[in-house]
Amino acid sequence: MTPEDLSELYRSFERTAFRLECRDTYAIPGEDPDFDDFLAGRPVAPRTVDNSDWLANIATQVAAGKHFGRVRLLGRPVTDYTRFELASYPENIAAGEQVWILDRQRLEASNDAWTHQDFWLFDDRIAVLQHYDDAGRFLGVEQARDASPYVAIKRRALALAVAFEDFQFVPAQRQGWHDQQSRVGALDQ
């Protein structure tokens, strides 16, 4: 499978496209100027269905009655790249994508085996693994021989995740603060 084959699947799936997004940092060509602006506190140009092919495709697929979604694993400490990515999700959601957040702090050790491989799952029958090096540079894709383990991972991730709209960033507990354990995600831990 090639990256071009994966790009075609984004347009040709029949019912569902799902991503498990595991890395805390990605080095994606073409994103660096926006990321640099984000880090410098400068405004990042908004993405819309009119200026982003990615968002236009999401909107087209959702308008055709298809489901587009992802679970984003959130590592600790939260990286600048993760903060940048989380700031862009409202644009994806506006285009029709459903986004869930799964804080790694909520996971038991038994969940570790499935939380490190990024993949896309199309129609619960085609699983495409995405490979990255340690710096987050994209190395390539490969189609899994059997999609069923990834269908199970998708179900587990969705069962544990929180809808982006319900995810709340709260500061780490400080002495004298009220108990906030029921809330998801303290960024400065």
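How many bridges join β2 to β3, and do these strands run parallel or antiparallel? Select the two strands to begin: six bridges join β2 to β3, and the two run parallel. What you have open is a predicted model, so its confidence values are worth colouring on before going further: the mean pLDDT of the chain is 87, and 87% of its residues reach 70 or more. Over residues 171-189, by contrast, the pLDDT is below 50, although this stretch has 40 contacts in the model beyond near neighbours in sequence. Where pLDDT is low, the predicted coordinates should not be read in detail.

**The sheet**

Return to β2 and β3 and show G69, which stands opposite Q98 in β3. Adding α4 to the selection completes a right-handed β-α-β unit made by β2, α4 and β3. Now colour the strands one by one across the sheet, which is open and consists of seven strands in the order β6-β5-β4-β1-β2-β3-β7, with mixed pairing. The edge strands are β6, residues 138-143, and β7, each of which pairs on one side only.

Stay with β3 for a moment, since five of its six residues are buried and the strand is therefore largely enclosed by the rest of the structure. Its pairing with β7, a strand of residues 162-163, rests on two bridges, and here the strands run antiparallel. To find this pairing in the viewer, select W100, which stands opposite A163 in β7.

**The loop between β4 and β5**

Next, move to β4 and β5, which are joined by four bridges and run antiparallel; L121 stands opposite A127 in β5 and marks the pairing. In the loop between these two strands, select D123, which has a positive phi of about 55° although it is not a glycine. D124 is in the loop between β4 and β5 as well, and for this residue too phi is positive, at about 55°, although it is not a glycine. Which of the terms buried and partly exposed applies to D123, and which to D124? With a relative accessible area of 4%, D123 is buried, whereas D124, with a relative accessible area of 31%, is partly exposed.

**A cis peptide bond after β2**

Select R76 and P77 and inspect the peptide bond from the one to the other, which is cis, with omega near -10°. P77 lies in the loop between β2 and α4, the latter being the helix of residues 80-95.

**Helix α3**

Turn now to α3, which lies across β2 and β4 and runs at about 125° to β2. Two of its residues repay a closer look. N57 lies in this helix, which spans residues 53-63, and it is buried, with a relative accessible area of 13%. Leaving aside its neighbours within four places in sequence, N57 is in contact with Y10, R11 and F68.

I58 is also found in helix α3, and at 0% relative accessibility it counts as buried. With neighbours within four places in sequence left aside, I58 is in contact with F68, N92, A95, G96 and E97. To relate this residue to another part of the chain, draw a distance from I58 to A94: the two are 36 residues apart in sequence and 9.7 Å apart in space, C-alpha to C-alpha.

**The nonpolar cores**

For the last stop, show the side chains of L20, V71, L102, W114, F119, L121 and Y150, which have the most contacts inside the largest nonpolar core, a set of 21 residues. The elements that give two or more residues to this core are β1 (16-21), β2 (67-74), β3 (98-103), β4 (119-122), β5 (126-132) and α5 (148-160). Which element gives the largest share of this core? That share, five residues, comes from α5.

Centre the view on W114, which, apart from its neighbours within four places in sequence, is in contact with L20, L102, L107, I153, R156, A157 and L160. A second, separate core has 14 residues, among them L9, A17, I58 and V128, so the selection of I58, a residue of helix α3, can be shown again here to end the tour.

How values were computed: Residues are numbered from 1 along each chain as its sequence is written. This is a predicted model: local features need pLDDT of at least 70, side-chain atom pairs count only at pLDDT 80 or more; totals for chains, interfaces and linings use all residues. Side-chain values use heavy atoms; hydrogens and water are left out. Buried means under 20% relative accessible area, exposed over 50%, partly exposed in between (1.4 Å probe, protein chains only). Contact means heavy atoms within 4.5 Å. A nonpolar core is a set of buried Ala, Val, Leu, Ile, Met, Phe, Trp, Tyr and Cys residues joined through side-chain atoms within 4.5 Å. pLDDT is the predictor's confidence in each residue, from 0 to 100. Two strands pair if DSSP finds at least two bridges between them. A crossover is right-handed if, with the strands pointing away from the viewer, the path from the first strand over the helix to the second runs clockwise. Axes are lines fitted to C-alpha atoms, for helices over the stretch in contact, and angles run from 0 to 180 degrees between N-to-C directions.
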